Amino acid sequence: MATSHQSVSPRAAIAEPIPWVTVSIVLTALFIAILDSFIVVVADPAIVADLHASDGDVQWVLAGYQLSYAVFIITATRLADLYGRKCIFLLGVAVFTLASIACALSPGAGILIAARVIQGFGAALMVPQVFAYVTVLVPVARRHSVYGVLGVVMGMATIGGQVIGGLLIGANLFDSGWRLVFWVNVPIGVVMFALALRHVPKTPSSATRTLDLPGVLVLSAALFLLVLPLIQGQQAGWPTWIWVCFAASAIAFGLFVLIERNLERRGGDPLLPLSLFQQRSFSLGIVLVLALYALIYSYYLVLSVTMQQGLGLSALGAGLVYTPAATAFFIFSQVASRTIPRYGNRVLEIGAVIMALGYLSTAILLISGPRITPLLVIPTLILQSIGGGLVITPALNTVLSRINPESASVASGALSTAQQCGGALGVAIIGAIYFATYHPDRVGQVPAAAHAFATASFATFAIAVVAGAIVFLLPKQR
């Protein structure tokens, strides 16, 4: 009879409550961290006009955030192990909020870029703790539900950034213009900090763990040498120093692997345990996240340029073009979270095919002859978002559901780094293709934008095919 009290039935496990208050707080942090990667895209023309910024300055407003986010996020996971997740999460919220104030008050492009770098550091401190708290606090039997919500949050922040940015700039409250896209973070950050103080639990720091300082320095250098040329390459014309950085990055990554392997062999505590990559779902998942975020970052950037520079839409008008697609993404993200438990990877596979067809149909439509208009591309954007909702939402669940709680923080940090690196890679490749084929001085603004957007759509279709192939290789879910 005694043993009956020690076992837990599946029904009892499923009945364990999900701490939704805590989960909601940390998911809000994830939402605004991702949102701020995209919300600035539609604000670029307004920033240029108000601050008299150059194209390079505006690029760094986006890139500075991505760079510091990507470089520091894995280190932030170890800091949480050393000093406790709650401490690092609160620090990240505070840094992010204060940096948002600095962005909103920036009198010039230089200060805005510096503030964005600091803001990216704040996001790097917050985001790994989100995944770690979900893994640690949510019962295993209920975790798929939370991962479904998490995927929706990430997807809506990604696609909704265009819509929200356009609406905020169009509203122009208190004559604040583009600055409102940063002011909106401040009340959210203050409320989130106050709620986190009360409702986010402390996790004990690990006295047995140490900061792998050589690993931190070498990995940070490797990421910096990778992301910087990806960001600057297209604008700089791919000079020699760009390729030197790539070569140095490859050497630094190789050195990092040697350091971590040697540390593991000696029984030490590596910054990024290489044993994680022995899990097929994780190693494939890293590549899948790279491909998916290369698609998303780059496509919405060139779409914004096409709508605003090519067709002359305002930020609000461009944001409204994205609204039907964002709605479709939300609906089909919900569909994915409800159908994954029954149909498993088949949902991702169907989503990957639909998403690729969406990019291909956009390209074919644009080269078939009709003059490009917002109404022309909205149906294919919706098709892309239907597929994206089905594949992006459950992709993280597929990867993270097989990670043990002890590795949750570092695994999520690696995935978040892959998101930023993938975004930078996609912008570099698709951006170079778009602007290399964008010649308004030869054929006129609208035809040039249509031609460049069609070419970029063919290129993103190729990346979507790669992402789809990876989806079909993922271990099957039971």
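1. **T373.** T373 counts as partly exposed, because its relative accessibility is 32%. This value, like every other one here, comes from a predicted model. T373 sits in a loop. That loop runs between helix α14 (345–367) and helix α15 (374–400). Now look for A450. It is 77 residues away from T373 along the chain. In space, the C-alpha atoms of T373 and A450 are separated by 9.1 Å.

2. **L383 and a surface patch.** Helix α15 also holds L383. L383 has 30% relative accessibility, so it counts as partly exposed. L383 belongs to a nonpolar patch on the surface. The other members are V353, L357 and F472. Together the four residues have about 330 Å² of accessible area.

3. **Overall fold.** What is the chain built from, helices or strands? It has 18 helices and zero strands. The radius of gyration is 22 Å, and the globule rule gives 23 Å for 478 residues. These values are close, so the chain is as compact as a globular protein of that length. Along its principal axes, the C-alpha trace spans about 80 × 45 × 45 Å.

4. **Inside and outside.** Of the 478 residues, 58% are buried. The chain exposes about 18900 Å². Carbon and sulfur atoms supply 69% of that area. Consider also the contacts with a separation of 6 or more. Residues 24 or more positions apart account for 83% of them.

5. **The nonpolar core.** The largest nonpolar core has 152 residues. Which of them touch the most other members? They are L30, L150, L292, Y434 and F453. Helix α12 (residues 280–310) gives this core its largest share, 18 residues. Take L30 as an example. Leaving out residues up to four places away in sequence, L30 touches V127, V130, F131, L150, V153 and M154. So L150 appears twice here: it is on the list of best-connected core members, and it is a contact of L30.

6. **A buried glutamate.** E260 is found in helix α11 (residues 240–265). Is E260 buried or exposed? Its relative accessible area is 0%, so it is buried. Setting aside residues up to four places away in sequence, E260 touches D212, G215, P270, L271, L272 and L274.

7. **First salt bridge.** Side chains of opposite charge can pair when their charged atoms come close. A search of the whole structure finds two salt bridges. One joins the side chains of D36 and R116, at 3.7 Å from N to O. D36 lies in helix α2 (residues 20–38) and R116 in helix α6 (residues 109–137), so the pair ties together parts that are 80 residues apart in sequence. D36 is buried because its relative accessible area is 0%. R116 is buried too, with a relative accessible area of 0%.

8. **Second salt bridge.** The side chains of D50 and R179 meet at 3.3 Å, N to O. This pair links distant parts of the chain, 129 residues apart. D50 is in helix α3 (residues 44–51). R179 is in the loop between α7 (143–171) and α8 (180–183). Which burial class does each partner fall into? D50 has 40% relative accessibility, so it counts as partly exposed. R179 has a relative accessible area of 18%, which means it is buried, since the cut-off for buried is under 20%.

Terms used: Residues are numbered from 1 along each chain as its sequence is written. This is a predicted model: local features need pLDDT of at least 70, side-chain atom pairs count only at pLDDT 80 or more; totals for chains, interfaces and linings use all residues. Side-chain values use heavy atoms; hydrogens and water are left out. Helices (H or I, at least four residues) and strands (E, at least two) are DSSP runs, numbered from the N terminus. Buried means under 20% relative accessible area, exposed over 50%, partly exposed in between (1.4 Å probe, protein chains only). A nonpolar core is a set of buried Ala, Val, Leu, Ile, Met, Phe, Trp, Tyr and Cys residues joined through side-chain atoms within 4.5 Å. Contact means heavy atoms within 4.5 Å. Patches are made of residues with over 30% relative accessible area and no salt bridge: like charges are joined within 9 Å, nonpolar side chains (Val, Leu, Ile, Met, Phe, Trp, Tyr) within 5 Å. Accessible areas come from the Shrake-Rupley method with a 1.4 Å probe; for residues, only the protein chains shown count as cover. The radius of gyration is taken over C-alpha atoms; the globule rule is 2.2 Å times the number of residues to the power 0.38.
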